[in-house]
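Q: Please take one part of this model and go through it closely. I would like its partners, its pairing and its surroundings in one connected account.

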Amino acid sequence: MKKNIAFLLMGLSFVILVNSWASSSDPVLKSVEHPMLAAFQASDAYFLDAKVQGWAEINQDFLSVAALNDLGNKVEEVLGKHSVLTRKEIFDEGFNSLEISGRAESGENVSVIFQSLTNEREENGTYLVVNISDTRGVGEILSIRGKILDVFTEFDRIPEINELLIGYVEGQLPARDCRNKIKNIFHAAGGKQHGGIEENGYISKTGFAPNLPAVVEVNGKQVNMQVAASYNEIDCQTYIYIGSPLVCSDY
């Protein structure tokens, strides 16, 4: 059962108001309070995408696909009755799944996945994973986080949350500049880095910022922030990823 759950989470690639933000074609403006937004501001990057993922076990039963569709109706009510969403069903021995995806009424891209599992020991569980992304502005991460929390409120659950902001700077940043930029990002969020890796083409650092709530343990240390810089040779841009607690994305 735990193996199936781990595979599910690995395979799925948390309100402070902001007065004004730049468009996706301009660097972000200079007045924020939320740690993730302050971190992105310090990157001096052009904004690309804001992503939030939430997941939780919502039921300890093995549910049919029909029952999952009933739960999906509850989620669509939260996302908006005019959302343009499609459904994909999978049913197999000991495994049922429903994926709802498309564009929400308010403009975000959404992916909602129900997975219900059982085994020969009758260890049952139904899990919900909600991914929402928005390319309209860095400050949208606040509203989509709130929407994900609203979805899980329908099931009386508080989800595990992961946030991600993605931006870019033109050209290839030297490794030294990437390190300095990552250091400034951690500082802006009130955090410190204490681990990471560097390989050809990218740098990734992990650390801890007291005002970010989600915490995981990595190599015996508490981590709730990861910052990565990766150069893309095709479009000649260096991408900046700021995740809490981790960067849940390919880079």
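A: Glu99 stands opposite Ile113, a residue of strand S4. Glu99 belongs to strand S3, residues 95–103, and S4 covers residues 109–117. Strands here are DSSP runs of E with at least two residues, numbered from the N terminus. The model is predicted, so local features need pLDDT of at least 70, side-chain atom pairs count only at pLDDT 80 or more, and totals for chains, interfaces and linings use all residues. Residues are numbered from 1 along each chain as its sequence is written, and side-chain values use heavy atoms, without hydrogens or water.

S3 and S4 pair in the antiparallel sense, over nine bridges; pairing requires at least two DSSP bridges between the strands. These two strands form a hairpin, with five residues lying between S3 and S4. Gly107 sits in that turn and has a positive phi of about 110°.

S4 also has strand S5, residues 125–134, as a partner. S4 and S5 run antiparallel and are joined by nine bridges. Within this pairing, Ser111 has Asn131 of S5 as its bridge partner. S4 is thus bridged to S3 and to S5, with Ile113 placed opposite Glu99 and Ser111 matched with Asn131.

As for its surroundings, S4 is mostly covered. Of the nine residues in S4, eight are buried, meaning under 20% relative accessible area with a 1.4 Å probe, protein chains only.

Definitions and conventions. Buried means under 20% relative accessible area, exposed over 50%, partly exposed in between (1.4 Å probe, protein chains only). Helices (H or I, at least four residues) and strands (E, at least two) are DSSP runs, numbered from the N terminus.
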